Amino acid sequence: MADVKMIATRESYGNALKELAADGADKLVVLDADLSAATKTGIFKKAYPERHINCGIAEANMMCVAAGLSTMGLVPFASSFAMFAAGRAFEQVRNTIGYPHLNVKIGATHAGISVGEDGASHQCCEDFALMRAIPGMVVICPADDVEARQAVKAAYHYNGPVYLRFGRLAVPVFHDESYKFEIGKGEVIREGNDVTIIANGLLVNEAIEAGKALEAKGIGAEIINIATIKPLDEELIIASAKKTGKVITVEEHSVIGGLGEAVCSCLSENCPTPVKRIGVYDEFGHSGPALDLLKQFGLSAENIERVATEFVK
Amino acid sequence: MNNETKKMLSVYATKIRMGIIESTHGAKAGHPGGSLSSADLFAYLYFNEMRVDPKNPKAEDRDRFVLSKGHCAPGLYSALALKGYFPVEDLPTLRHIDSYLQGHPNMNTVPGIDMSTGSLGQGISAAVGMAKGAKYLGKDINVYSLLGDGEIEEGQVWEAMMFAAQYELDNLCVFIDSNGLQIDGACEEVMSAEPIDEKLRAFGFEVMTINGNNFDELEKAFEAFHNTKGKPFGCIMKTVKGKGVSYMENAVDWHGKAPNDEEFEIAMAELRAKLAELEEA
């Protein structure tokens with residue numbers, strides 16, 4: 001494992017913004033709310049200071065400023081922690097970005113409990129639920145650096161509101177550079193016939209690790225990465241569920257309103273299939289090292305393996 | 001201001017007020033009070049100030065207007081219709097299930113609307129974003145926004161004001177319709193934001209207080225805005241809520257209530273008389 005690159009997707013966000021500008025994205029402007037060192041938009045700011053707009057600690061205003069900028073033909077990326085981007089500014093995103101369907105991108109970092117030591121006040125496990133509920137909002141949660149950088153670029157070129165979720169924790173880079181991310185398309189990472197494991201974000205890598213362990217036990221797990229939680233790649237999910245007959249969803253989010261429920265809705269209407277959801281069960285997080293928290297909340301390869309083994313018995 | 005211009009604006013303001021009464025009567029709902037208090041500003045903006053073309057409502061270099069107090073859509077719709085963005089005859093379809101004239105401004109259905117608004121406090125932030133965008137792009141575009149004196153109780157308004165001053169947005173002109181009334185009663189009793197002028201000044205604005213139902217004073221405010229450099233401009237317009245319809249003036253009940261058939265006839269008769277008087281003069 002020593003040669004595996006570890007990069008936080010927030011870092012990918014900052015780098016991708018800079019790459020976009022270098023590649024001639026002349027409509028790109030980046031907004032932040034006094035967190036540019038943490039959200040990594042500071043990387044962009046250093047290269048393009050005149051295109052970085054600090055809005056101060058005022059996320060509600062920032063979202064609507066982004067809306068105003070977009071009506072002038074610019075493509076703003078409004079950046080903050082997921083808690084404040086999706087949480088505090090929910091109604092601004094809903095009414096002034098979502099309702100007029102403006103071309104604003106929301107870069108939300110520090111999502112989920114892997115924020116770690118800051119504790120529950122900053123551990124947003126509700127953003128999928130909030131953002132999915134807004135009509136016309138695209139919701140993306142990339143799994144690693146390669147996918148995150150491509151998702152940022154795809155969002156820039158897509159016309160309409162996009163919510164992008166990034167993490168604070170450095171995570172393994174498992175995609176190679178030939179990988180092609182497409183909004184709304186899932187990715188089958190490995191095929192299997194016994195159980196489907198659908199994950200996104202940093203838990204895709206955990207699902208891959210679980211898949212390997214399951215294979216050693218003779219259980220064939222189909223691992224699917226659903227980076228775009230909305231619009232959902234229903235075709236892919238239905239096809240896999242029909243094949244394996246058992247589905248496990250894994251997300252660093254509440255089991256209420258997130259990937260698990262999106263998959264359940266899709267399957268119950270199209271091909272009723274037993275589903276087990278791995279996620280945060282209606283509770284707040286707390287302070288602690290990120291990796292320890294993920295283990296404690298069952299967001300780990302070991303727990304995915306345990307649930308899958310039990311499920312296929 | 002010469003008499004001809006003043007007469008022209010007075011005629012438009014009266015016609016805007018007639019449109020407000022016709023649309024809210026047609027909707028059997030809506031907000032006549034604050035629409036009427038702002039009618040003179042709408043007339044001035046669209047017939048004496050803004051560089052806009054109803055034949056090309058999305059022209060890139062046009063001036064922008066954001067009605068942050070979105071519930072006063074009847075006043076803005078009425079001005080836009082008179083300007084030629086859409087037929088005046090459509091005004092009574094306001095809020096109907098098959099109408100493009102949504103209860104609050106919708107930039108995607110109503111020609112001439114620059115920003116969808118309705119949730120108080122958000123429009124001003126969008127206006128600030130537009131002004132910043134114009135500066136960023138190096139374009140000579142002015143952005144106007146109108147807020148209610150109740151609306152400024154929203155904390156986000158002051159986030160927007162800080163942003164406007166920080167980025168020296170001298171292409172931004174903010175009007176506050178100070179009619180003194182909000183839904184639950186007098187602003188002073190519900191939640192006073194006074195002194196508004198001192199607050200705006202403290203937030204980095206050039207500030208002027210005028211009678212917002214007087215065209216000479218509105219003209220002075222626009223002149224002051226154009227002469228202000230390096231900071232945003234704020235204008236507190238002292239107005240009469242319900243202005244122009246006798247029984248609606250200064251009556252809090254008329255914040256968000258439509259006139260019934262009888263009230264409609266009385267209001268229209270008063271406004272028609274005003275129009276006749278103006279046209280004879």
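1. B:Pro195 sits in the loop that runs between α7 (187-191) and α8 (196-202) of chain B. The peptide bond leading into this proline, from B:Glu194, is cis, and its omega is near -5°. This is a predicted model, and the points below should be read as comments on a prediction.

2. Chain A also has a cis peptide bond, joining A:Lys230 and A:Pro231, with omega about 0°. A:Pro231 belongs to the loop between β12 (228-230) and α10 (234-244) of chain A. These bonds deserve a look, because most peptide bonds are trans.

3. Next, the backbone angle phi. Most residues other than glycine have a negative phi. A:Lys40 has a positive phi, near 75°, and is not a glycine. A:Lys40 is placed in the loop between α2 (36-39) and α3 (41-47) of chain A. With a relative accessibility of 21%, A:Lys40 counts as partly exposed; the buried class ends at 20%, so A:Lys40 falls outside it.

4. In chain B, B:Lys28 is another residue other than glycine with a positive phi, here near 55°. B:Lys28 lies in the loop between α1 and α2 of chain B. Is B:Lys28 buried or exposed? B:Lys28 is exposed, since its relative accessible area is 72% and the exposed class covers values over 50%.

5. Helix α4 of chain B covers residues 73-83, and 9 of its 11 residues are buried, so the rest of the structure largely encloses this helix. The buried residues of α4(B) are B:Ala73, B:Pro74, B:Gly75, B:Leu76, B:Tyr77, B:Ser78, B:Ala79, B:Leu80 and B:Ala81. What do they pack against? Their partners are α1 (3-27), α2 (32-37), α3 (39-48) and β1 (64-67), which belong to chain B. Just after α4(B) comes B:Gly84, with a positive phi of about 110°.

6. Chain B as a whole has 10 helices and 7 strands. A compact globule of 281 residues would have a radius of gyration near 19 Å, and the 17 Å of chain B agrees with that. The C-alpha trace of chain B spans about 50 × 45 × 40 Å along its principal axes. Of the 281 residues, 57% count as buried. Among contacts in chain B with a separation of 6 or more, 76% are between residues 24 or more positions apart.

7. Chain A contains 13 helices and 14 strands. For its 313 residues the compact-globule value is near 20 Å, and the radius of gyration of chain A, 19 Å, agrees. The C-alpha trace of chain A spans about 60 × 40 × 40 Å along the principal axes. Buried residues account for 62% of chain A. In chain A, 79% of the contacts with a separation of 6 or more come from residues 24 or more positions apart.

8. On surface and charge, chain A has an accessible surface of about 11,500 Å², 51% of it from carbon and sulfur atoms. For chain B the figures are about 10,900 Å² and 48%. Chain A carries 30 positive and 40 negative charges, with mean positions 2 Å apart. Chain B has 27 positive and 42 negative side chains, and the centres of the two sets are 4 Å apart.

9. The largest nonpolar core has 135 residues, and those with the most contacts inside it are A:Leu31, B:Tyr46 and B:Phe65. Beyond its neighbours within four places in sequence, A:Leu31 is in contact with residues including A:Ile53, A:Met62, A:Leu69 and A:Phe77. A second, separate core has 30 residues, among them A:Leu203, A:Ala210, A:Ile248 and A:Ala301.

10. Two residues of chain A are useful to inspect by eye. A:Ala82 is in helix α5 (residues 82-88) of chain A and is buried, at 0% relative accessible area. Leaving out residues up to four places away in sequence, A:Ala82 touches several others, including A:Ala108, A:Cys124 and A:Tyr163. The C-alpha atoms of A:Ala82 and A:Gly107 are 8.1 Å apart, with their positions 25 residues apart along the chain.

11. A:Val247 is in strand β13 (residues 247-254) of chain A. A:Val247 is buried too, with a relative accessibility of 0%. Its contacts more than four places away in sequence include A:Ile198, A:Val263, A:Leu267 and A:Phe311. A:Asp282 is 35 residues from A:Val247 along the chain, and their C-alpha atoms are separated by 21 Å.

Key:
Residues are numbered from 1 along each chain as its sequence is written. Chains are lettered from A and ligands numbered from 1 in the order in which they are written. This is a predicted model: local features need pLDDT of at least 70, side-chain atom pairs count only at pLDDT 80 or more; totals for chains, interfaces and linings use all residues. Side-chain values use heavy atoms; hydrogens and water are left out. Buried means under 20% relative accessible area, exposed over 50%, partly exposed in between (1.4 Å probe, protein chains only). Helices (H or I, at least four residues) and strands (E, at least two) are DSSP runs, numbered from the N terminus. Contact means heavy atoms within 4.5 Å. The radius of gyration is taken over C-alpha atoms; the globule rule is 2.2 Å times the number of residues to the power 0.38. Accessible areas come from the Shrake-Rupley method with a 1.4 Å probe; for residues, only the protein chains shown count as cover. Lys and Arg count as positive and Asp and Glu as negative; His and the chain ends are not counted. The place of a charge is taken as NZ of Lys, CZ of Arg, CG of Asp or CD of Glu. A nonpolar core is a set of buried Ala, Val, Leu, Ile, Met, Phe, Trp, Tyr and Cys residues joined through side-chain atoms within 4.5 Å.
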